[in-house]
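Biologist: Please take a close look at one helix and the packing around it, and then place that part within the rest of the protein. A connected account would serve better than a list.

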Amino acid sequence: MTAASITKPPATTTAAATTSARLGMMLTDLRLPTIKRLAGELCARSDIEGWPGHRLLEALLEHEINEREARRTDRHRNESNLSPDKRLSSFDFSAVPSVSKAQVMALTQGTEWIDRGANVLLFGPPGVGKSHLVSALGHALIDAGRRVLFTRCSDLVQRLQAARRDLRLPQELAKLDRFDLLILDDLSYVRRDQAETSVLFELISERYERKSLAITANTPFSQWGEVFVEPAMTLAAVDRLVHHSTILEMNVESYRRRAAQAVQVSPARKARSTT
Ligand code: ADP
Ligand code: MG
């Protein structure tokens, strides 16, 4: 603490302090924490530099809006259940030539498809990067101000079945409505006994043309009969999903396996990886 700050303040400073205490209370009431934090500093600068009133007001509000947006994005990311490190920046597009980077970037930038409730379907064998890519898409949409939920398909089916048993399936489906994009990872792993109640079909029908789904699967549509109760339902589900959709085929060799092989063929890397 400096000597100046412990001497008795002049009357004008006391008046300013009272005003700022009142201001602080009003800003708390109005839930404007950023303005509250920055008001002292920006008002002082404004006094020294002789800012016109509107400039001070604009500066304060701009900070509040920016921080509010950042807090909202943080909240959306926390609730999304997305792996934090599965981002576009760490996705190597050259490993999947069948996927157009431009097409994926367009999905992250133009979110008009989200407004239409269109879908993204990612197909490919295990380890090719389906979960990584769909998560990266989710992160990008959160950055763009959207809400996303990542869930393993079989977990969600289980949750919806429990809701159906408790006669609250409509409420549970309605809760999912707050997410602009619902990611169902590994549709093919829904077990046959889980399929019996058709909750997945109801989810797909409920969101059709309203809210987007992103689905990853390691089996083609022709094998989705394993997941839905009967052929007519499989057909209807596939029909709704593909009606407005982008399909990304990732038919390459497992990224994991290739990475493991690369380590084996490079003795230097192997030496490093074993130390
Ligand atoms: P899938 O969901 O298709 O089984 P994952 O997305 O889980 O595959 O990918 C397996 C692992 O390999 C993950 O750690 C993922 O981050 C990584 N991976 C896969 N493809 C790529 C890629 N093209 N670029 C960077 N990492 C990748
Ligand atoms: Mg996966």
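Modeller: What follows starts from α11 and its core, then moves to the ligand, the charged pairs and a few backbone details. The model is predicted, and the values below are computed from it.

The helix in question is α11 (199-207). Its buried residues are V199, L200, F201, L203, I204 and R207. An α-helix has 3.6 residues a turn, so residues three or four places apart point the same way. Among the buried residues of α11 are L200, L203, I204 and R207. The cover over the buried residues of α11 includes α8, α9, β3, β4 and α12, so helices and strands both take part under the DSSP assignment used here.

Two of these residues, L200 and L203, belong to the largest nonpolar core, which has 31 residues. Together with L184, W224 and F228, they are the members with the most contacts inside that core. The elements that give two or more residues to this core are three strands and four helices by name: β1 (119-123), β3 (181-185) and β4 (212-217), with α8 (153-165), α9 (169-176), α11 (199-207) and α12 (231-243). The elements named as cover for α11, including α8, α9, β3, β4 and α12, thus appear again in the list of contributors to the core.

W224 shows how this core is joined up. Neighbours within four places in sequence set aside, W224 is in contact with F123, L187, I215, A217, T219, T234, V238 and L241. Of these partners, F123 falls in β1 (119-123), I215 and A217 in β4 (212-217), and T234, V238 and L241 in α12 (231-243). A second core, separate from this one, has 30 residues, including V96, I114, L133 and A140.

The wider setting is as follows. The protein has 14 helices and five strands, and 40% of its 275 residues count as buried. Of the contacts between residues at least 6 apart in sequence, 80% join residues at least 24 apart. The exposed area of the protein is about 15,800 Å², of which carbon and sulfur atoms supply 56%.

Ligand 1 is surrounded by 15 residues, and the closest are D92, G127, K130, S131 and H132. Three polar pairs can be given with distances. A polar backbone atom of D92 is 2.8 Å from a nitrogen atom of the ligand. An N or O atom in the side chain of K130 is 2.8 Å from an oxygen atom of ligand 1, and a polar side-chain atom of H132 lies 2.6 Å from an oxygen atom of the ligand. On its own, ligand 1 has 550 Å² of accessible area, and the protein covers 84% of it.

Now the charged pairs, beginning beside α11. Side chains of opposite charge can pair when their charged atoms come close. E206 and R210 meet through their side chains in a salt bridge, at 3.7 Å from N to O. E206 is partly exposed, at 35% relative accessibility, and R210 is also partly exposed, with a relative accessible area of 35%. D155 forms a salt bridge with R152, with the closest N and O atoms 3.4 Å apart. Here too both partners are partly exposed: D155 has a relative accessible area of 33% and R152 is at 47%.

The pair of R71 and E64 combines two settings. Their side chains form a salt bridge at 3.6 Å, N to O, yet R71 is partly exposed at 33%, whereas E64 counts as buried at 3% relative accessibility. Both residues belong to a network of salt bridges that links R37, E64, E67, R68 and R71. The count for the protein comes to 19 salt bridges.

Last, the backbone. Just after α11, E209 takes a positive phi of about 60°. L167, in the loop between α8 and α9, has a phi near 60°, a positive value in a residue other than glycine. L167 is exposed, with a relative accessible area of 73%. N81 is another non-glycine residue with positive phi, near 70°. N81 sits in the loop between α4 (53-80) and α5 (101-109) and is exposed, at 52% relative accessible area.

Notes:
Residues numbered from 1 in each chain as written. Chains lettered and ligands numbered in written order. Heavy atoms only, no water. Core = buried A, V, L, I, M, F, W, Y, C linked by side-chain atoms within 4.5 Å. Buried < 20%, exposed > 50% of the residue type's maximum accessible area, 1.4 Å probe, protein only. Contact = heavy atoms within 4.5 Å. Near = heavy atom within 4 Å. Polar contact = N/O pair within 3.5 Å; in protein donor to acceptor, adjacent residues only side chain to side chain. Areas by Shrake-Rupley, 256 points an atom, 1.4 Å probe, with all protein chains shown as cover. Salt bridge = Lys/Arg side-chain N within 4 Å of Asp/Glu carboxyl O.
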